[in-house]
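Welcome! Let us take a walk through this structure together, beginning with the surface and ending with a few cysteines.

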Amino acid sequence: MKKNWAFLKRFNMAGDQAQFYQLLNTLLATDNDTRSQAEEAYNNIPTETKVVHLVNAIQNVDLGDEGRQTAAVLLRRLLSAEFFEFFPKLPFEQQAMLREQLLITLQMDVSQQLRRKICDVVSELARNHLDDDGNNQWPEFLQFMFNCASAQDPNIKEAGIRMFTSVPGVFGNRQNDNLNVIKQMLVSALQPTESATLRMQAVKAVGAFILNHDKEPAILKHFGDVLLPLMQFVIETIEKSEDDSALKVLIELAETAPKFLRPQVEVIFQVCIKVISDADAEDNWRQLAMETLVTLCETAPAMVRKQVPNAIRLLTPLVLQMMCELDDEADWALQDDVADDDNELNHVAAESALDRMCCGLGGKIMLGLIVGQVPEMLSSPDWRRRHAALMAVSAAGEGCHKQMEQMLDQVVSGVLNYLTDPHPRVRYAACNAVGQMSTDFAPVFEKKFHDKVVPGLLMVLDDNANPRVQAHAAAALVNFSEDCPKPILTLYLGPLMNKLETILTTKFKELVERGTKLVLEQIVTTIASVADTVEKDFVEYYDRLMPCLKYIIANANTDELKMLRGKTIECVSLIGLAVGEEKFMNDASEVMDLLLKTHTENDQLPADDPQTSYLISAWSRICRIMGKKFAQYLPMVMEPVMRTAAMKPEVALLDNDDLESIEGDLDWHFVTLGEQQNFGIKTAGLEDKASACDMLVCYARELKEAFAEYAEDVVKLMVPMLKFYFHDNVRTAAAESLPYLLECARIRGPQYIQGMWAYILPELLKAVDAEPEQEVQVELLNSLAKCIELLGAGCLSDEMMADVLRILNKLLTEHFSRAAARRQKRDDEDYDEVVEEQLADEDSEDVYGLSRVADVLHALMIAYRENFFPHLDSLLPHLIQLLNPGRPYSDRQWAICIFDDVIEYGGPACAKYQDIFLEPMLNGLREPEPEVRQAAAYGCGVLAQYGGAQFAGACARAVPLLAALIAEPGSRSVENLNATENAISAVTKIIKYNHSQINRDEIIRHWLTWLPVVEDTEEAPHVYSLLCELAAGGHPALSTPDAPQRVIAMLAEAFLRDAVPNDSPVFAQMVGLVRQIQTNAELFNSCLMQLSSEHQEALKVALST
């Protein structure tokens, strides 16, 4: 396009206000070229000049309302984006003049629409006058806002409340002095005598203020008086059904500050239930009313359970009824392009609501209410009710898991009957329920019901007349196969694969003849899932399927077949992984060429191409199959993988006007940042980016030094993504990659590694420090621990060591704070047993975080050994607190584990801490929790092995405690076995390394009765090494006539259970001991006679190793 340079030049001067007004009008032009030129001219005007012209434009009556509103919008954006670049540089008088002129403008006689835009400008200016310490540097604004809010003119009054809505934190550090005035201002504006417009603005103001203080109970309580008039107005708007803004504010409050609504929760449920039950009400209002209640069920389930149990009994049948509100589409079962269900449809919204209610309120409340309705619905002649009942079963599984599992037999038998229902949409819903239960109740579901589920789904797969149902049956088989134990699925492999092959052939033919692809896409995925589960047993189907699948990849080149091609690529790579390198290698080269062709022919795929994620994942699987042989393909695959991993998402900061033009676009996700601002991110391509990052982890892990030449580029890509806050999996993959990349780069020499580590470490520590999500933070800590362990002593400078300790100190402090917060929740007025279950889950998450802190300390102890002790001292107050008998057992467990490392890697120097750890460790052997006993038992073992003679007395004290632990009834049960075997190993180490204060021979006799040890493969070698040494030394306890039989029985059990790895020196000792007994053929044969055939076979295999 040729630019009109004269046009641009004229406006670049922008010396004339009139010309600027003309420019404003041109910015509103409908012609894109004209508007683009005007935008360029506007952007070239100096900011200070723009501000003056915009203020004048807002005040200019002759400009027209639309032009003045445009000027106000532009000025607000400018203040939002560039305030700190220009405003502080203005002379003080000009700053004061700008503030004064804007306040004058707001009081002019203007349209209310324009006044609202001016309010937004003034609010933005006020927001920027609040410094980091909460000082408001424009105190006149506060008085002005109060004056407006108490003015006689209703329009000015609304303006005052609107400004407060935009900047509810504007009082800064003077807020507490003004709380009563703020409350009075809001209560006054909510009075029934005021206009509906003002009351609506006041509702928004209350919402903004409460959301701004949702973590401050005192403020929420103080503003309780506002709730009643607010609810009165919300109810009025619901009854009029015109403006839903007030109800949306109620939803926001329910989401963020549900406790604030507690005094009115009964009223909220009554009003909303009335709307939901009104079939004549608009769908939007019914769904918003349902959203309000469901949100409360999610955010304050204990409050709902306690305050309105009867309302839940009324709401659940209404949600089930709304799930019946779907239309009978004549061609539904034949639709080939099936989009995701529209969330605006009542039945879809209701299904989601039921799922969320179950997850929020729990199965004890919800399952009975659902079960009370479902049988009657299933027997209804109306297919919609049968459909809704089955979808309810699907929705309930996750939230009602524990309760539903107890009645799974009757649920499953009920659902399976409807796989043969006369209506295709009911059969579809039955398939959906089977698929969902396969996931929610795995693997119990697969183990108990395979004999009914697999034949039932195979039957539905014959439904050629209803492809959509047929495809959904295949989808349910995917869910079933994914979690099905291999031996069970193998039972059905013949009939299952015969059916899938037949359908594949038929549907491939249909694709060629009619262009239909829905079932074909799904069948390919189902085949992949079956192969993934049965692994090597899939070999016999390989040669029959691979030619057809390769043909699809080679020829499905049109846009509408991209998804089919992507799923086929996934299928081929999963089959390859299942059958293994030997079988797949013949096709590997051809398959890789077909996949690489996608990029070389099309240059690069667009960001939203469905093939991208399938391709990248397939390359990673093929890398796992081929191992280091995959390195030959790196030059071709790295460019597209790196490009996808480096994708920068499109982000935007939009005001409400801009948002309206893009709302509804599923590729964008928005977060509201205030009354006027919305942050948006384009989500298309984010999952592909995460997959590509995962693939880079895979390449580094699998290829090691063969990946060395790419390590530097990948590190430079990954390290900045430790702070990619738009997607958790990207940050997790970035963290996971770092130790593998350091390992890859080892081949380049120590100096190179040091340079790479110097680049990684500061950013990794910053990321750990700033990470908002606990699940990601534990992965960052895991990465840090692995890197330190890999690099060893000296990898941290004094400065970096101090930073690591500061972060660990902060994490431990937060651990205690979260525990205190949970204790507080246990004292809450709405506390109940379901809350306790949720708090127990939070406890578990916290324990995982604590275990990762222990991992970092473990790595530091391995690297620095006793030289780490001066640094460890700074954390001692936390470790002592963790050991406190009043702490949860998991705190004591992990504290003991940390001191286990102090002993094992610090050696005799650990004595400086014995006053802290020794008594808790010995007491830990008597704790009821096996996790604590295991940690304590392990500690006693390393104390004997590494602590030195100074701990002989402690070891002697430990022996009777360890013996008592081993002798406990149930000590060999599944939950106790690891603690017991660690105790046996601890006694082993005391006998071997630190026996000066015990009766060694007597303890050895007891010790022999405790063998074999078979579960803990790290401790078993210590045990069997001692056994072999005692036998070789002719210990009296092993000189009895029955000793050889006992020894052979112990060793046979150890061999059978793979207790000792066959590459361990101890394994060779054990085999040597068997051979020594074998020299006496008669004795050896009598030993064999007492063994089972599988034990004899295990001995035979060991002897031939």
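Accessible areas here come from the Shrake-Rupley method with a 1.4 Å probe. On that footing, the accessible surface of the chain comes to about 47900 Å², and carbon and sulfur atoms account for 50% of that surface. Please keep in mind as you look around that this is a predicted model.

Now step back and take in the whole chain. The C-alpha trace spans about 115 × 75 × 65 Å along its principal axes. Follow the backbone and you will meet 56 helices and 3 strands. The chain has 1105 residues, and 55% of them count as buried. Contacts also tell us how the sequence is brought together: among those between residues at least 6 apart in sequence, 72% join residues at least 24 apart.

Next come the charges. The chain carries 99 positive and 162 negative charges, and the mean positions of the two groups lie 1 Å apart.

Finally, how many disulfides does the chain have? The count comes to 0. To see why, recall that a disulfide requires two cysteine sulfur atoms within 2.5 Å. Take C400, whose closest cysteine sulfur belongs to C358: the two sulfurs are 3.7 Å apart, so they are too far for a bond. C400 itself is buried, at 0% relative accessibility. C795 is another case, because its sulfur is 8.8 Å from the closest cysteine sulfur, in C787, which is too far for a bond. C795 is buried too, with a relative accessible area of 12%.

Definitions and conventions:
Residues numbered from 1 in each chain as written. Predicted model: local features only at pLDDT ≥ 70, side-chain atom pairs only at ≥ 80, totals over all residues. Heavy atoms only, no water. Buried < 20%, exposed > 50% of the residue type's maximum accessible area, 1.4 Å probe, protein only. Helix = DSSP H or I, 4+ residues; strand = E, 2+ residues; numbered from the N terminus. Contact = heavy atoms within 4.5 Å. Lys, Arg positive; Asp, Glu negative; His and termini not counted. Charge placed at Lys NZ, Arg CZ, Asp CG, Glu CD.
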